[in-house]
Amino acid sequence: MRRATGVDFTHYRQTTILRRIQRRMVVHKIDKLEDYAKFLQSKPPETKALYQDMLINVTSFFRGPRVFEALKATVFPAIQRNLARERGIRVWTPGCASGEETYSVAMALLEFLGDRASQTPIQFFGTDVSESSVARARNGVYPENIQVDVSAERLRRFFNKAEGGYRVSKTIRDMCIFAQHNVLNDPPFSRMDLICCRNLLIYLEPVLQGKVISVFHYALRPSGFLVLGSSEGLGGTTGLFAVEDRTHKIFSKKAGATHQAVAFSLNSQAERREYGPMPMPARHPDANWNYAEAQKEFDRRLLTQYTPATVFVNEDMEIIHTRGNVNRYLKLAPGKPSLSLLKMAREGLLVELRNAIAKAKKENVVVGKRNLQVKNGNGDGAAATHSTRLVNIDVIPVSLSSVKELYFMVIFQEAPQEPSRETAVRRTRATEETGAASRRTAKLEEELAATKEYLQSVIETQEATNEELQSANEEILSSNEELQSTNEEMETAKEELQSANEELTTVNDELRNRNVEITQINNDLINLLSSIDIAVIMIGSDLTIRRFTPKAQKFLGLIPGDLGRPLSNINPSIEIADLQEMVQQVVSDFRTHERELTDRMGVHYQFKILPYRTMENKIDGAVITIVDIAPDKPGIEPKSSN
Ligand SMILES: C[S@@+](CC[C@H](N)C(=O)[O-])C[C@H]1O[C@@H](n2cnc3c(N)ncnc32)[C@H](O)[C@@H]1O
């Protein structure tokens with residue numbers, strides 16, 4: 001599949017992939033996977049069909065309508081506030097399928113902006129890995145049944161009537177740029193105010209979900225928003241985004257957060273190394289003296305060596321930057337690596353640190369804590385692990401002008417040691433008194449942490465189940481749509497059959513009537529022929545006998561079995577010279593031949609050969625008549641009766 005389409009499905013959700021393959025196997029009546037693999041290799045068009053099946057492209061206008069209301073309530077007003085700074089709005093809908101989602105967001109934003117829309121440069125980027133979907137999106141033509149999802153008011157305002165349905169108006173189409181783009185390894189768009197990517201992550205395994213979320217973090221402006229599908233979440237990458245609206249899965253970018261290095265490929269799709277290491281550009285030493293560079297380096301040295309140990313944390317207490325030697329106060333906790341300040345704080349700091357940050361956050365003031373007893377650890381180097389020392393901490397709230405999130409600067413400093421023996425005794429006593437309390441607190445905290453972890457795992461399991469259900473649901477929807485279209489095809493075929501059937505019934509009726517008429521004519525003819533006292537023989541154009549009267553039987557010695565036999569086979573009782581040649585002559589020159597015959601008894605007969613004319617005036621044989629012209633004379637005795 002990767003070779004044929006350039007898309008790597010390795011970390012797409014296994015269950016979905018298997019179900020899609022099984023669907024193709026059913027279509028081709030193949031039972032075993034190996035057989036299907038062989039079939040796939042031998043039939044290149046099947047690869048395309050499977051590819052299209054894998055990219056489930058179910059979508060509709062204003063899918064999940066409440067999300068669009070939420071966008072109008074929370075996201076669009078914020079984007080509008082930023083307009084003065086950003087000079088234009090940019091929205092990206094990755095995995096837009098046939099474009100309905102991109103157009104829906106565009107319509108919702110235009111509705112929100114009203115008259116202001118005309119003064120605002122707005123760009124909507126709709127991308128999808130499927131080229132055929134992108135082509136449909138660009139065309140912007142949709143069937144009549146979009147009326148189910150698009151109100152009459154919107155249809156009137158944003159669509160034009162087109163053959164077989166509606167076309168998105170040119171004003172909106174001009175604002176939308178559609179492109180084929182693989183969100184997993186094509187370079188992302190940038191400076192976006194809003195990314196709306198719904199129902200794509202559900203098809204990916206967590207490893208790819210994380211990668212895509214990082215890409216989105218990179219692609220957004222500092223104040224940008226991300227909207228995901230109803231069953232999708234941020235997975236393990238919660239540090240990059242803050243939750244704005246949990247119900248509608250709206251997130252805002254955390255400006256200070258650092259996203260993982262995202263590998264984009266500018267190579268052709270076939271050459272991509274999807275999960276290989278990302279080559280970093282080598283920085284060549286600059287031979288020229290660069291004052292600004294040097295100053296930065298001096299500042300860095302100064303800050304590293306002479307500033308107190310300081311950490312900068314965000315509202316979630318995640319460390320985003322450090323200065324000085326923080327090892328004395330923080331350590332990496334066992335288990336999954338985490339940058340949470342509370343998980344990293346050395347024993348003795350945790351409770352006071354949390355209280356101080358909570359107070360600083362609540363009251364937006366500087367909070368200091370003095371003489372906290374901190375256990376020495378291996379980060380301290382020389383000190384024994386069981387000894388303690390006194391530490392002062394200061395928590396200073398920091399608000400940056402560009403972002404609304406609050407940050408905190410936490411400064412750790414060694415408290416001056418109190419030299420007097422009395423103080424030492426007092427401290428020992430105090431230590432003993434608080435020892436029992438802090439042991440209990442530590443135990444409670446441990447329990448709390450374990451409960452939290454358990455709760456988190458339950459939530460994750462729940463989310464995974466939800467995602468699985470949602471992707472299964474989408475597959476069902478897509479199968480449903482296929483069934484619907486098959487049904488429609490069958491309906492059309494049925495209608496065609498019905499009309500053909502009706503036509504046949506009328507033809508049948510006509511034929512039946514004609515048959516009755518023909519039977520009637522036939523009867524008349526038989527009666528006529530048997531009642532006339534003239535010998536009549538009808539000859540076909542191939543000179544075979546077609547019909548004759550009873551009188552002709554007598555003259556020419558015919559029996560019923562002679563019907564269909566060549567004229568040359570008969571043996572007439574009257575001498576008729578050159579009979580066959582005469583008939584041939586009449587058939588070819590359409591002229592009647594007439595002569596008188598006399599039998600051995602001297603009886604005269606009128607002998608005629610006429611061309612046989614059809615209704616269309618075509619010659620189809622000849623008619624021979626023999627009439628007794630002296631009926632009062634005694635009749636001749638036919639040869640056969642001798
Ligand atoms: C179920 S549709 C979602 C459409 C729309 N976002 C919605 O929610 O109505 C999923 C879309 O994701 C696209 N897709 C799958 N993998 C992709 C990738 N790696 N890059 C871009 N689009 C992808 C598929 O082609 C498909 O059109």
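This is a chat between a trainee and a mentor about a predicted model.

Trainee: Let's get our bearings. How many helices and strands are in the protein chain?

Mentor: The protein chain has 16 helices and 20 strands. Of its 642 residues, 40% count as buried. Among contacts with a separation of 6 or more, 59% are between residues 24 or more positions apart.

Trainee: On to the cysteines. How do you know what the disulfide count is?

Mentor: A pair of cysteine sulfur atoms has to be within 2.5 Å to count, and by this rule the count comes to 0 disulfides. Take C96: the nearest cysteine sulfur, that of C176, is 9.4 Å away, and C96 is in no disulfide. C196 is in no disulfide either, as the nearest cysteine sulfur, that of C197, is 7.8 Å away.

Trainee: What makes C96 count as buried or exposed?

Mentor: Buried means under 20% relative accessible area. C96 has 1% relative accessibility, so C96 counts as buried. C196 has a relative accessible area of 1%, so C196 is buried as well.

Trainee: Now the helices. Why are α2 and α4 called oblique to each other?

Mentor: Start with the angle: the axes of α2 (residues 14–27) and α4 (residues 44–54) cross at roughly 135°. Roughly perpendicular covers 65 to 115 degrees, and roughly antiparallel needs over 145. The value of roughly 135° fits neither, so α2 and α4 are oblique. Their axes come within 10 Å, and the crossing is right-handed.

Trainee: Which residues make that contact between α2 and α4?

Mentor: From α2 you get I17, R20, I21, R23 and R24, and from α4 there are E46, A49, L50, D53 and M54. Sorted by class, the contact of α2 with α4 has 5 nonpolar, no polar and 5 charged residues.

Trainee: What makes α3 roughly perpendicular to α4, then?

Mentor: The axes of α3 (residues 33–42) and α4 cross at roughly 115°. The roughly perpendicular class runs from 65 to 115 degrees, so α3 counts as roughly perpendicular to α4. The axes of α3 and α4 come within 5 Å. Y36, F39, L40 and S42 of α3 make the contact with P44, E46, T47 and L50 of α4. By class, that contact of α3 with α4 has 5 nonpolar, 2 polar and 1 charged residues.

Trainee: What about the loop between α2 and α3: what stands out about phi of K29?

Mentor: K29 lies in that loop, and its phi is near 55°, a positive value in a residue other than glycine. D578 also has a positive phi, about 55°, although it is not a glycine. You'll find D578 in the loop between α15 (550–556) and α16 (579–589).

Trainee: Why is K29 called exposed?

Mentor: Exposed means over 50% relative accessible area. K29 comes out at 73%, so K29 is exposed.

Trainee: And why is V141 called partly exposed?

Mentor: Partly exposed sits between the 20% and 50% cut-offs. V141 has a relative accessible area of 33%, so V141 is partly exposed. V141 is in strand β3 (residues 141–143).

Trainee: Which residues is V141 in contact with, leaving aside its neighbours within four places in sequence?

Mentor: Those are R136, Y166 and R167. As for G99, V141 is 42 residues from it in sequence and 9.9 Å from it in space, C-alpha to C-alpha.

Conventions. Residues are numbered from 1 along each chain as its sequence is written. This is a predicted model: local features need pLDDT of at least 70, side-chain atom pairs count only at pLDDT 80 or more; totals for chains, interfaces and linings use all residues. Side-chain values use heavy atoms; hydrogens and water are left out. Buried means under 20% relative accessible area, exposed over 50%, partly exposed in between (1.4 Å probe, protein chains only). Axes are lines fitted to C-alpha atoms, for helices over the stretch in contact, and angles run from 0 to 180 degrees between N-to-C directions. Helices (H or I, at least four residues) and strands (E, at least two) are DSSP runs, numbered from the N terminus. Angles under 35 degrees count as roughly parallel, over 145 as roughly antiparallel, 65 to 115 as roughly perpendicular and the rest as oblique. A crossing is left-handed if the near helix is turned anticlockwise from the far one by less than a right angle, and right-handed if clockwise. Contact means heavy atoms within 4.5 Å. Ala, Val, Leu, Ile, Met, Phe, Trp, Tyr, Cys and Pro count as nonpolar, Asp, Glu, Lys and Arg as charged, and the others, Gly among them, as polar.
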